[in-house]
Amino acid sequence: MPRRITAPRLPGPAQLPVLGWQLRALKMLADPLAFFTSMHQRYGEISTTTPRAPKHVFVFGPKYQREMFGRPQSFIADAFRELRMPPRSGMARLTQGLLKLNGDPHRRHRGLMQPAFHSRAVAQHHKAIVEVTEEELDRFQVGEVRRIDHDLSRLMLRIGMRTLFDVAETDDVDRLNGLMERLLASATAPTTLLLPLDVPGMSYRRTLRAADQLDSAIREIIVAKRENPGEDIISMLIAARDDQGQGLTEDELVGEAYTSFCHDSSASALTWTLLMLDQHPQVRNDLCDELEAELGGAPAEAADFDRLPLLDRVLKETLRLFPPASMGLRYAAEDCTLGPYGIPRDTTLFFSSYVSHRLPEVFTDPLDFRPDRWTGASLDSYGYLPFGAGPHSCLGRAFALLEMKIVLSILLQRFRLPVVDGTRIDRKIKISLVPDHGLPVTVAAPGRDRQLAAVTGSVREAVDLV
Ligand code: HEM
């Protein structure tokens, strides 16, 4: 028998007569971050679009996020729940990783995977990260204009492939790269969600086909690595055993390999970092001084990080203002409560680090980019959560910080990358939070200056710029 809920009504708008919540759902799909911001401004830390019968609940800020993440048996993760997919398809196998698991199966998989993502283990990938970064940057010519967001995506994808699968041959990298790009492009098309029809010409069909091919490609790598293990992450996952001596099955390995392949977030974080440095020349110059003094031209290593406090603060502050995973979902697994409010089973709960990181009661002058706010600051892990919180918090955090710090240390010592004057920058969620039309920069020799580009677009709502 479901528990009877006697609880106050969640804050939210009066019911519209017909198609009320559907209209609001469309508004949310069109620009989720603007929608969440307005829900927070109007109704506060917790709200719904349908107070009489909550379907969608919005949770912002430490108070309710702490409770939601602290009760994972009531508020479960179920990534890709909205995407209909045939049960034995490549897409179903690719998406069955950690972010779809809860309870004991989640704990078991995470326990098996943790050693490969521990900071000591990821530090072993330093050489590979440096090599790939230098190869990619060798293609930059002083004086040219480049879409640095594209460059960073390619770079992070290559680092991911090298460290996860030890795929280094250009043909293999390009093939996997192409499959990944095709899958992401078709899977994120609105028609895939709205018209899941497996017929020619539909993006849903393209998604299923690309997923089948990627599933086979990852499987081939797993079979080869079983025979011939390497230093890569997938070899560690293949070898991992639990207390009962059991490892992950081949299907489970495919799902976890795909889940661990989210280097897209690191590319997004680095793109926003370069924009923030362009817009804050004093911070950029100070950071270049720090890198030069401590590294003298060499790439940063994990052992250097303690001597690079500004690098750390710049990344923290960028991840605050532009968290790549700017929103997330949980589902109520049972009739339950959050604070005093009743939450019916199957309610979708939306949370947003983008909104939570802008609460003035948590961060003073929240729209200022001020890396120094992190000097000596202690973090409330439910108020600042670029890497999530609770049992599903990012397993790749140490890896992401390592790769971002190494790449930035090389990039900023080799080049100055002023943003092209007059660039329009609109924030957009495309899996990660990215500048919608990209970030064009001019490649220049390293050096200090006080120039900053004039930029327009919705980025000016996201951060106070001069
Ligand atoms: C700046 C870069 C990154 C950011 C901001 C980020 C952020 C996140 C967030 C917010 C979550 C939690 C999602 C949720 O609660 O629904 C997550 C989960 C996860 N991330 Fe990351 N991530 C980053 C890079 C990476 C990298 C490089 C890897 C792999 C090497 C990785 C692997 C994972 C995995 C496996 C999970 C699922 C954990 C679980 O469900 O137990 N992430 N990440």
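A cavity, on a 1 Å grid over the protein atoms alone, is a set of points where a 1.4 Å probe fits but cannot get out, whereas a pocket is an open set with protein on both sides within 12 Å along at least five of seven lines; lining residues have an atom within 4 Å of a point. The model shown is predicted, with local features requiring pLDDT of at least 70 and side-chain atom pairs counting only at pLDDT 80 or more, while totals for chains, interfaces and linings use all residues. Residues are numbered from 1 along each chain as its sequence is written, and side-chain values use heavy atoms, with hydrogens and water left out.

**View A. The second largest cavity is lined by residues that include Glu136, Arg146 and Leu411.** About 60 Å³ of space lies in this cavity, a volume being the space filled by probe spheres set on grid points that are joined across faces, edges and corners. Its lining consists of Glu136, Leu137, Arg139, Phe140, Arg146, Ile148, Asp151, Leu152, Leu155 and Leu411. Helix H7 (126-137) and helix H8 (148-165) are the elements that give two or more residues to the lining of the second largest cavity, helices (H or I, at least four residues) and strands (E, at least two) being DSSP runs numbered from the N terminus. H8 provides the largest share of this lining, four residues. The lining divides into six nonpolar, no polar and four charged residues, where Ala, Val, Leu, Ile, Met, Phe, Trp, Tyr, Cys and Pro count as nonpolar, Asp, Glu, Lys and Arg as charged, and the others, Gly among them, as polar.

**View B. The largest cavity has a lining to which H14 gives the most residues.** The search of the whole structure returns three cavities of 30 Å³ or more, and the volume of the largest is about 130 Å³. Among the residues lining the largest cavity are Leu274, Leu277 and Asp278, together with Arg284, Cys288, Arg416 and Gly447. Both H14 and helix H15 (281-295) supply at least two residues of that lining, with three coming from H14. By class, eight of the lining residues are nonpolar, one is polar and three are charged.

**View C. The second largest pocket draws part of its lining from H18.** The space in this pocket amounts to about 410 Å³. Of the 24 residues that line the second largest pocket, Lys316, Phe387, Arg397, Ala398 and Leu401 lie nearest its centre. Two or more lining residues come from each of helix H6 (119-123), helix H16 (309-321) and H18, and H18 gives the most, five residues. This lining comprises 16 nonpolar, four polar and four charged residues.

**View D. The ligand has 26 residues around it.** A residue is taken as near the ligand if one of its heavy atoms lies within 4 Å of it, and those that come nearest are His106, Arg110, Arg330, His392 and Cys394. An oxygen atom of the ligand is 2.7 Å from a side-chain N or O atom of His106, and a distance of 2.7 Å likewise separates a ligand oxygen atom from a side-chain N or O atom of Arg330 and of His392. Helix H5 (103-117), helix H14 (264-279) and helix H18 (397-414) each contribute at least two residues to the shell, which holds 13 nonpolar, ten polar and three charged residues. His106 itself is located in helix H5 and is buried, with a relative accessible area of 4%, where buried means under 20%, exposed over 50% and partly exposed in between (1.4 Å probe, protein chains only). Not counting residues up to four places away in sequence, His106 touches Leu98, Leu101, Pro391 and His392, contact meaning heavy atoms within 4.5 Å.

**View E. Tyr354 of helix H17 is joined to Arg427 through their side chains.** Helix H17 spans residues 353-356, and Tyr354 counts as buried at 2% relative accessibility. The polar contact between the side chains of Tyr354 and Arg427 is 2.9 Å; a polar contact is a pair of N or O atoms within 3.5 Å, where within protein one must be able to donate a hydrogen and the other to accept it, and residues adjacent in sequence count only if both atoms are side-chain atoms. Beyond its neighbours within four places in sequence, Tyr354 is in contact with residues including Leu33, Thr37, Leu321, Pro323 and Ala462. Tyr354 and Phe322 are 32 residues apart in sequence, and their C-alpha atoms are 6.7 Å apart.

**View F. Phe80 and Ile431 have positive phi values although neither is a glycine.** For Phe80, phi is near 65°, and this residue lies in the loop between strand S3 (75-76) and helix H4 (90-94). Phe80 is partly exposed, with a relative accessible area of 38%. Ile431 has a phi of about 65° and is placed in the loop between strand S10 (427-430) and strand S11 (432-435).
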